Amino acid sequence: MHLRHARYSRTARAVLVTASAAAVLALSGCSAQDASCGGDEYPVLAVGSTGRACAPEGEEPPKGYARFPEGKVPERVGDEWDTYWQTHTLDENGRVVTAPQE
């Protein structure tokens, strides 16, 4: 999903995409094994928290987000890495750390 208005930042677009995906999942009654992101997107993790978004393939993650470490990318809701990243995150240096209690 690409917004054509320049006033939207990449972070705002990522939040909008995530919210839209959540709404679609809620309305469609999809199972717990649904893909983390659409076919033309990849999942990204909010640095310093467990927040996530989907970024368009071929683009860098939005500011404040990072790619998941290679081999530790959640592919489906509820898979091993999806569950792992609910309690872990990346710090500002890219190190995997326990996520702060929210």
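The following exchange asks what supports each label given to this predicted model.

Me: What makes D82 and R52 a salt bridge?
Reply: Their closest N and O atoms are 2.4 Å apart. The cut-off is within 4 Å between a side-chain nitrogen of Lys or Arg and a carboxyl oxygen of Asp or Glu, so the pair qualifies. D82 lies in helix α2 (residues 80–84) and R52 in strand β2 (residues 52–56), 30 residues apart, and the pair links distant parts of the chain.

Me: Why is D82 called buried, and R52 partly exposed?
Reply: Buried means under 20% relative accessible area, and exposed means over 50%. D82 has 9%, so it counts as buried. R52 has 23%, which falls in between, so R52 is partly exposed.

Me: How do you know that R95 and D91 form a salt bridge?
Reply: The closest N and O atoms of R95 and D91 are 3.0 Å apart, and the limit is 4 Å, so this pair also meets the criterion. A search of the whole structure finds two salt bridges.

Me: Is R95 exposed or buried, and what of D91?
Reply: R95 has a relative accessible area of 49%. Exposed requires over 50%, so R95 is called partly exposed. D91, at 11%, is under the 20% limit and is therefore buried.

Me: What makes β2-β1-β3 an open sheet with β2 and β3 at its edges?
Reply: The three strands stand in the order β2-β1-β3 with antiparallel pairing. β2 and β3 each pair on one side only, and are the edge strands. Neighbouring strands of this sheet are turned by 45° against each other on average, direction ignored.

Me: How do you know that β1 pairs with β2 and with β3?
Reply: Two strands pair if there are at least two bridges between them. Strand β1 (residues 41–46) and β2 have five bridges, so they pair, in the antiparallel sense. E41 stands opposite P56 in β2. Three bridges join β1 to β3, so this pair also qualifies, and the two run antiparallel. L45 stands opposite A66 in β3.

Me: What lies between β1 and β2 in the hairpin?
Reply: Five residues lie between them, and G48 in the turn has a positive phi of about 85°.

Me: Why is β1 described as largely enclosed?
Reply: Six of the six residues of β1 are buried, so the strand is largely enclosed by the rest of the structure. Both faces are covered by this description: E41, P43 and L45 point one way, Y42, V44 and A46 point the other way, and all are buried. For the chain of 102 residues, 26% count as buried.

Me: How many helices and strands does the chain have, and in what order do the elements run?
Reply: The chain has two helices and five strands. From the N terminus on, the order is α-β-β-β-α-β-β.

Me: Where is confidence lowest, and where is it highest?
Reply: Helix α1 (residues 10–28) has the lowest confidence, with a mean of 54, and strand β3 (residues 65–67) has the highest, at 98. Over residues 1–8 the pLDDT is below 50, and beyond near neighbours in sequence this stretch has nine contacts in the model. The mean pLDDT of the chain is 81, and 67% of its residues reach 70 or more. Where pLDDT is low, the predicted coordinates should not be read in detail.

Note on methods
Residues are numbered from 1 along each chain as its sequence is written. This is a predicted model: local features need pLDDT of at least 70, side-chain atom pairs count only at pLDDT 80 or more; totals for chains, interfaces and linings use all residues. Side-chain values use heavy atoms; hydrogens and water are left out. Helices (H or I, at least four residues) and strands (E, at least two) are DSSP runs, numbered from the N terminus. Buried means under 20% relative accessible area, exposed over 50%, partly exposed in between (1.4 Å probe, protein chains only). pLDDT is the predictor's confidence in each residue, from 0 to 100. Contact means heavy atoms within 4.5 Å. Axes are lines fitted to C-alpha atoms, for helices over the stretch in contact, and angles run from 0 to 180 degrees between N-to-C directions.
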